[in-house]
Amino acid sequence: MTSNTLTIEAARNALRKREITAVELTEACLAAAGASAKLNAFVHHTPDLALEMAKAADARLASGDAPSMCGIPLGIKDLFCTRGVPSQAASNILSGFTPEYESTVTTKLFADGAVMLGKLNMDEFAMGSSNENSAYGPAINPWRDGLTPGGSSGGSAAAVAADLCIAATGTDTGGSIRQPAAFTGTVGIKPTYGRVSRWGVVAYASSLDQAGPMTKSVRDAAIMLGAMAGHDAKDSTSADIAVPDFEAALTGDIRGKKIGIPREYRMDGMSDEIDVLWRRGAEMLRDAGATIVDISLPHTKYALPAYYVIAPAEASSNLARYDGVRYGMRATLDAGDGITDMYEKTRAKGFGKEVQRRVMVGAYVLSAGFYDAYYNRARKVRALIKRDFENAFADGVDAILAPATPTPAFEIGKKSGNPVEAYLNDVFTVTLNLAGLPGVSVPVGLSASGLPLGLQLIGQPWQEAELLNHAYVLEKSAGFVAKPAKWW
Amino acid sequence: MLDLTFENPKPKVIAGALHDWELVIGMEIHAQVSSNAKLFSGASTGFGAEPNSHVAFVDCAMPGMLPVINEFCIEQAVRTGLGLKAAINLRSAFDRKNYFYPDLPQGYQISQLYHPIVGEGEVLVEMGPGVARLVRIERIHLEQDAGKSIHDMDPNSSFVDFNRTGVALMEIVSRPDIRGPEEAAAYVTKLRQILRYLGTCDGNMQNGNLRADVNVSVCRPGQYERYQATQDFSHLGTRCEIKNMNSMRFIQAAIDYEARRQIAILEDGGSVAQETRLYDPDRNETRSMRSKEEAHDYRYFPDPDLLPLEIEQAWVDGIAATMPELPDAKKARFMGDFGLTDYDANVLTAELDAAGFFEEVAKGRDGKQAANWVINELFGRLNKEGLAIEASPISAAQLGGILDLMAKGEISGKMAKDLFEIVWTEGGDPAEVAAARGMKQVTDTGAIEAAVDEIIAANPAQVEKAKANPKLAGWFVGQVIKATGGKAAPATVNELVNRKLGL
């Protein structure tokens with residue numbers, strides 16, 4: 001066993017005891033990452049920077065000034081702007097873009113001493129559930145060649161599952177942390193909207209985007225979320241709410257808690273395996289002393305269509321800035337081409353098909369005459385979905401247990417021909433983004449074909465600590481320890 | 001306070017070939033908010049800097065950058081709303097107006113379509129003594145200014161300067177209550193005056209920090225009154241919007257041209273197409289920019305990067321408590337306290353600095369005389385030299401000193417003008433300058449009497465004429481003053497001459 005397989009918790013303890021140095025840990029991760037080309041998880045390696053940061057971390061560790069993340073090598077999703085390091089959101093339109101600023105999340109992580117190994121693959125502009133919509137080509141699921149690690153944080157999930165890093169950053173607009181975590185046997189939490197700053201994260205859908213950690217354990221998620229979270233005056237949607245000690249909240253005691261099982265999540269097209277897993281998960285929580293109750297979230301079926309109106313609408317506007325004028329790619333122009341030609345050629349060449357599709361859908365639903373029928377109606381649906389959850393929590397439910405995905409990881413190319421089928425993958429996850437709630441995906445078992453399966457726990461706003469504690473209990477009860485066999 | 005009883009001005013009537021037409025005008029004024037920093041970034045708003053030197057990452061829409069509201073700009077908008085007696089909306093929100101243009105880096109302008117910060121207000125536009133138009137304000141919203149495209153630097157390329165990108169603008173939208181080109185110009189003038197009093201906009205039209213979009217339509221006499229009674233726009237003609245004007249003269253010329261163009265179309269049996277037009281001052285005409293069909297679909301929607309803006313009534317009250325005296329109130333006070341004419345009060349309140357200067361001069365002195373001196377001598381001289389009031393070489397205290405010498409009878413009006421000239425060029429305390437130069441009029445009756453007697457004795461023919469026609473007595477007064485080297489007090493001379501001539 002080499003140190004790259006460690007959790008944050010284990011690495012932190014070893015680093016603090018000086019059983020290992022940050023440089024050694026970083027070198028192990030760099031070696032693993034460097035030998036992972038077949039996974040296509042990393043799109044940009046930063047070994048020099050990593051070693052420099054590791055040395056600085058060792059100095060801090062030696063001086064006794066060592067926050068939990070100090071010396072922990074991380075992969076950073078390409079959606080985060082990292083100063084002096086290419087940050088392209090896996091899009092050709094940002095070819096060559098190297099920001100002169102550092103996102104708030106990475107700033108906080110690096111301030112705590114975390115080490116950046118490089119940038120991770122993803123669906124272009126975080127649009128997708130299979131990492132196939134990437135200018136760099138798809139990341140591959142380490143559990144089996146040819147399978148998707150999910151998306152959009154597919155590179156993050158693959159890198160964590162394959163031990164190419166100790167943990168990774170992800171972002172979640174409609175399930176982009178939780179679904180890939182479930183597909184790869186890792187843990188991912190989408191915090192409450194406003195918990196983590198969006199400043200410096202390339203925007204997909206501003207009212208839904210939220211960054212979070214992707215880790216090997218619930219405790220790691222608690223540690224890393226603590227380092228990422230907090231109010232940021234540079235993000236007007238960031239909440240000025242104190243960040244509790246998430247790790248300290250992992251008591252393992254959920255006795256007397258009430259867990260809701262939403263009946264509307266039991267839907268057609270869900271695999272039997274997932275259904276069985278869900279029941280088992282409920283039993284585990286009950287065995288740990290929680291009460292299981294059936295609840296109703298009646299507007300669930302409208303969530304997916306509402307999401308696929310709101311997210312593209314915001315995206316169509318957020319992506320208007322990629323016009324070839326100031327940075328990134330500009331298409332080669334013909335003599336006599338005007339500004340409109342420049343826009344059209346640049347955007348046609350620079351954006352992939354799925355991005356173009358969502359930009360067009362978004363422009364359509366916002367256009368005069370359709371705004372009320374689509375965008376405004378979707379906003380109303382969103383308010384109803386939020387109310388469904390509020391009602392459930394008002395009835396005394398502490399957390400909600402649901403599947404994370406309808407199926408285990410699927411083959412690359414299987415759903416790429418049919419966008420609607422691909423969108424259906426998000427059916428269990430988008431509701432939380434619409435309602436702004438925190439949700440965590442925890443690996444609970446293996447499918448008959450040996451692939452990881454995850455369950456999702458949904459918490460109350462700003463109650464990530466309690467939510468993580470539930471996830472911790474589920475993790476312990478499930479005892480999921482399987483790892484992918486190295487084939488890459 | 002100002003007497004609020006006034007008559008409405010007559011609407012401008014344009015005689016067509018067939019019959020008379022009236023104009024109906026509504027305006028959207030884009031006023032740059034006076035603020036050191038932009039609406040959503042800390043970048044400077046300074047004018048005339050090196051291109052692209054006042055640009056924050058968010059201004060040029062770098063990936064992942066987010067807007068943060070500049071509280072001072074909100075305060076300025078609220079102050080403006082209060083100054084226009086408008087409703088302040090404690091909850092407002094920002095929306096995105098989406099369109100592509102190189103000087104709009106985000107691909108959208110952040111504006112306030114659905115929930116503006118300021119609601120209905122009003123502006124009293126005086127067109128003469130006792131004649132004024134009350135123009136209703138529909139709303140004021142905050143929005144970002146765009147950058148500047150430069151097309152004439154290179155034959156193959158265009159350039160963009162983002163210094164202006166993201167600077168805060170207030171769009172002040174009026175109801176269609178303006179009834180002629182002169183009223184339109186007077187409305188802009190009045191609005192500009194109020195904004196400058198408030199300190200919320202510099203109103204420098206040449207630099208483009210006050211620009212007007214003008215909506216013009218024409219209708220038959222009587223139609224406007226029907227609109228007013230019902231607020232039903234169908235009584236009015238189809239309007240055209242003339243974009244982006246930054247001169248009072250062009251505003252008037254463009255409205256006049258546009259009204260006549262529409263009248264010609266209508267009298268030819270055609271119909272006016274609703275469209276956006278541009279005014280070309282070189283050819284004095286408006287040209288179609290885009291038709292209603294070609295109008296952009298801006299796909300407005302609430303900006304998800306910004307939470308709705310909520311302000312407290314107490315905060316608004318705090319701003320209200322610091323409001324300066326506004327032009328209407330100041331004018332009324334000047335007329336009441338200093339006995340000024342309507343005209344003089346208008347002139348003296350046009351600019352805040354000038355009003356302050358006048359008030360310092362007038363305080364404890366004859367207000368009318370102070371007004372005459374400030375308007376005629378001081379403003380006349382400043383205009384001649386092309387100087388602003390702040391750069392006046394004569395201070396209010398110095399001018400007041402000159403008036404004091406005159407009031408005490410120590411110098412004549414003629415001497416006062418000479419003294420003004422000396423103090424203007426050389427400075428100094430007026431009393432000391434007058435003393436040093438022996439500028440003191442003679443009021444000693446004995447000395448003057450001798451001079452009067454001498455001149456009467458020497459001019460018997462003139463004496464006869466003056467007795468027949470008393471107006472000619474002035475000749476003797478002039479001769480006496482001349483004989484005393486200009487030092488004889490005119491009032492004394494006048495009295496003596498009249499007595500000696502038996503008039």
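The paragraphs below go through a predicted model, taking a sheet of chain A, then a sheet of chain B, and finally the contact between the two chains.

In chain A, 11 strands form an open sheet with mixed pairing, and their order across the sheet is β1-β3-β2-β4-β6-β5-β10-β11-β9-β7-β8. The edges are taken by β1, residues 42-45, and β8, residues 291-295, each of which pairs on one side only. On average, and with direction ignored, neighbouring strands of this sheet are turned by 30 degrees against each other. Within this order, β7 (residues 258-262) and β9 (residues 399-403) of chain A are joined by two bridges in the parallel sense, and A:Gly260 stands opposite A:Ile400 of β9(A).

Helices of chain A pack on this part of the chain. Helix α8, residues 272-287 of chain A, packs on the sheet and touches β7, β8, β9, β10 (439-446) and β11 (452-458) of chain A, with its direction at about 55 degrees to that of β11(A). Helix α15, residues 464-478 of chain A, lies across β5 (187-190), β7, β9, β10 and β11 of chain A, and runs at about 5 degrees to β10(A).

Chain B has an open sheet of three strands in the order β5-β4-β15, with antiparallel pairing. Because β5 (108-111) and β15 of chain B stand at the edges and each has a single partner strand, one side of each is left without a neighbour in the sheet. The strands β4(B) and β15(B) run antiparallel and are joined by two bridges; B:Asp95 has B:Pro302 in β15(B) as its bridge partner. A helix from the other chain packs on this sheet: α9 of chain A, residues 303-318, touches β4, β5 and β15 of chain B, and its direction makes about 60 degrees with that of β4(B).

The contact between the chains as a whole takes 40 residues from chain A and 31 residues from chain B, and the two chains bury about 2,800 Å² between them, with 61% of it on carbon and sulfur atoms. Between chain B and chain A there are 16 residue pairs in polar contact, counting pairs with both residues at pLDDT 80 or more. Across this interface there is one salt bridge, in which the side chains of A:Arg198 and B:Asp305 meet at 3.1 Å, N to O. On the side of chain B that touches chain A, β4 (95-98) and β15 (301-302) of chain B each supply at least two residues, and by class this side has 23 nonpolar, four polar and four charged residues.

Conventions:
Residues are numbered from 1 along each chain as its sequence is written. Chains are lettered from A and ligands numbered from 1 in the order in which they are written. This is a predicted model: local features need pLDDT of at least 70, side-chain atom pairs count only at pLDDT 80 or more; totals for chains, interfaces and linings use all residues. Side-chain values use heavy atoms; hydrogens and water are left out. Contact means heavy atoms within 4.5 Å. Buried area is the accessible area (1.4 Å probe) that two parts lose on being put together, summed over both. A salt bridge is a side-chain nitrogen of Lys or Arg within 4 Å of a carboxyl oxygen of Asp or Glu. A polar contact is a pair of N or O atoms within 3.5 Å; within protein, one must be able to donate a hydrogen and the other to accept it, and residues adjacent in sequence count only if both atoms are side-chain atoms. Helices (H or I, at least four residues) and strands (E, at least two) are DSSP runs, numbered from the N terminus. Ala, Val, Leu, Ile, Met, Phe, Trp, Tyr, Cys and Pro count as nonpolar, Asp, Glu, Lys and Arg as charged, and the others, Gly among them, as polar. Two strands pair if DSSP finds at least two bridges between them. Axes are lines fitted to C-alpha atoms, for helices over the stretch in contact, and angles run from 0 to 180 degrees between N-to-C directions.
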